[in-house]
Amino acid sequence: MAVHVVRFEHQNRSQWGVIRDGRISRVPGEFATTGDFIAGNGLADLARLDGAELALDEVTLLAPVTRNQQFVCQGANYRQHMIESGMDPDAKHFNMIFTKASSCLVAADSPLIKPRNVRFLDYEIELGLVLKRDITGPLAVDDDNLHEFIAGVVIVNDYSARDVQIPQMQFYKGKSFRTFGPVGPYLCLLQPDEMKYLKNLQLRLTVNGQVRQNDSTANLVHGPAQTLAELSTVQDLAAGDLIATGTPAGCALSIPSPAKQRIAALLPEATKWKLFMKAQEGRTQYLKTGDLVEASIRSGDGVVDLGMQRNRVVEEA
């Protein structure tokens, strides 16, 4: 059975626990980082953990991925999201990879701070993979051995300042403002035979109760095994590092079709981006101060349930 883990603060101490039926059993020991926690605890032992319990309202939940870990992301990894992003899914065959600053990692229910200079603030629900072990060289990864490398999964919201990301061609800067990476509330650790759920989890995001994104990981273009194998040929990764696997269709961002982009490429740079900004102004889907974003990921049978993220948009002080 999947084990749902939380990182929390209680009596001025950061601790880890297993959550069942809304109550938390504390995990013995001190673990400063997500990597330390994963290395120091066996899944079977956590599943059997019992003893004194805490109620959720007695603690403050923290992000289950700590800020020392790498935050690696995939872009345009659902077919329909490619289309709404102005890409031709039949022509794009590469896996788009970028990173976010780990300083944007925050707890699941943290306020989303909208920077004063950002006009077009967007949401992106994503399934996050948390690594089980260090990776220091090329690997052959497939569905049969994926459990050797992936410890579990979390909800990630890859909030994005589109007026920074797109015109400036700055994925890192546009997606790394503080609070732009809520993670959790739960880290769901998976048994080897539960890795199959990675192919059939339902992602759902609402803004003020209105559904904006609703799709299944069955529609991922580049799956976890393929992505991890590719990343292993490029960079070192560590236990506890986070890979966000891309977002479904339904974002606020509106990108011109490939044909319109070819026409825009002939225009002066200033004119092209003026037209882009004008198109975004008509998109009422962009987040505004006071909006409530709620995001959930779960399997149909409830074995994997990553909880609910709730982020209220607040203006930068």
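**Exercise 1.** Work out what lines the second largest pocket of this predicted model.

*Solution.* Start at the middle: the lining has 15 residues, and Met1, Ala2, His4, Ile19 and Arg20 lie nearest the pocket's centre. Next, sort them by chemistry: nine are nonpolar, three polar and three charged. Then map the lining onto secondary structure: β1 (3-10), β2 (13-20) and α2 (43-47) each supply at least two residues, with β2 giving the most, at three. Finally, the volume comes out at about 320 Å³.

**Exercise 2.** Find the residues that touch the most other members of the largest nonpolar core, then follow Val304 outward.

*Solution.* The core has 79 residues, and the ones to pick are Phe37, Val153, Leu228, Leu242, Leu287 and Val304. Strand β12 (residues 150-157) brings the largest share, six residues. Now take Val304 and skip its neighbours within four places in sequence: its contacts include His4, Val153, Cys188 and Tyr197. Don't stop there, though: a second, separate core of seven residues includes Val6, Phe8, Ile24 and Leu54.

**Exercise 3.** Check the backbone at Asn12, Asn208 and Pro185.

*Solution.* Asn12 first: phi is near 65°, positive although the residue isn't glycine. Asn12 sits in the loop between β1 and β2. Is Asn12 buried or exposed? Its relative accessible area is 74%, over the 50% cut-off, so Asn12 is exposed.

Asn208 also has a positive phi, near 55°, and belongs to the loop between β16 (202-207) and β17 (210-216). At 49% relative accessible area, Asn208 counts as partly exposed.

Last, look at omega: the Gly184 to Pro185 peptide bond is cis, near 15°. Pro185 is in the loop between β14 (181-183) and β15 (187-189).

Terms used:
Residues are numbered from 1 along each chain as its sequence is written. This is a predicted model: local features need pLDDT of at least 70, side-chain atom pairs count only at pLDDT 80 or more; totals for chains, interfaces and linings use all residues. Side-chain values use heavy atoms; hydrogens and water are left out. On a 1 Å grid over the protein atoms alone, a cavity is a set of points where a 1.4 Å probe fits but cannot get out, and a pocket is an open set with protein on both sides within 12 Å along at least five of seven lines; lining residues have an atom within 4 Å of a point. Grid points are joined across faces, edges and corners, and a volume is the space filled by probe spheres set on the points. Helices (H or I, at least four residues) and strands (E, at least two) are DSSP runs, numbered from the N terminus. Ala, Val, Leu, Ile, Met, Phe, Trp, Tyr, Cys and Pro count as nonpolar, Asp, Glu, Lys and Arg as charged, and the others, Gly among them, as polar. A nonpolar core is a set of buried Ala, Val, Leu, Ile, Met, Phe, Trp, Tyr and Cys residues joined through side-chain atoms within 4.5 Å. Buried means under 20% relative accessible area, exposed over 50%, partly exposed in between (1.4 Å probe, protein chains only). Contact means heavy atoms within 4.5 Å.
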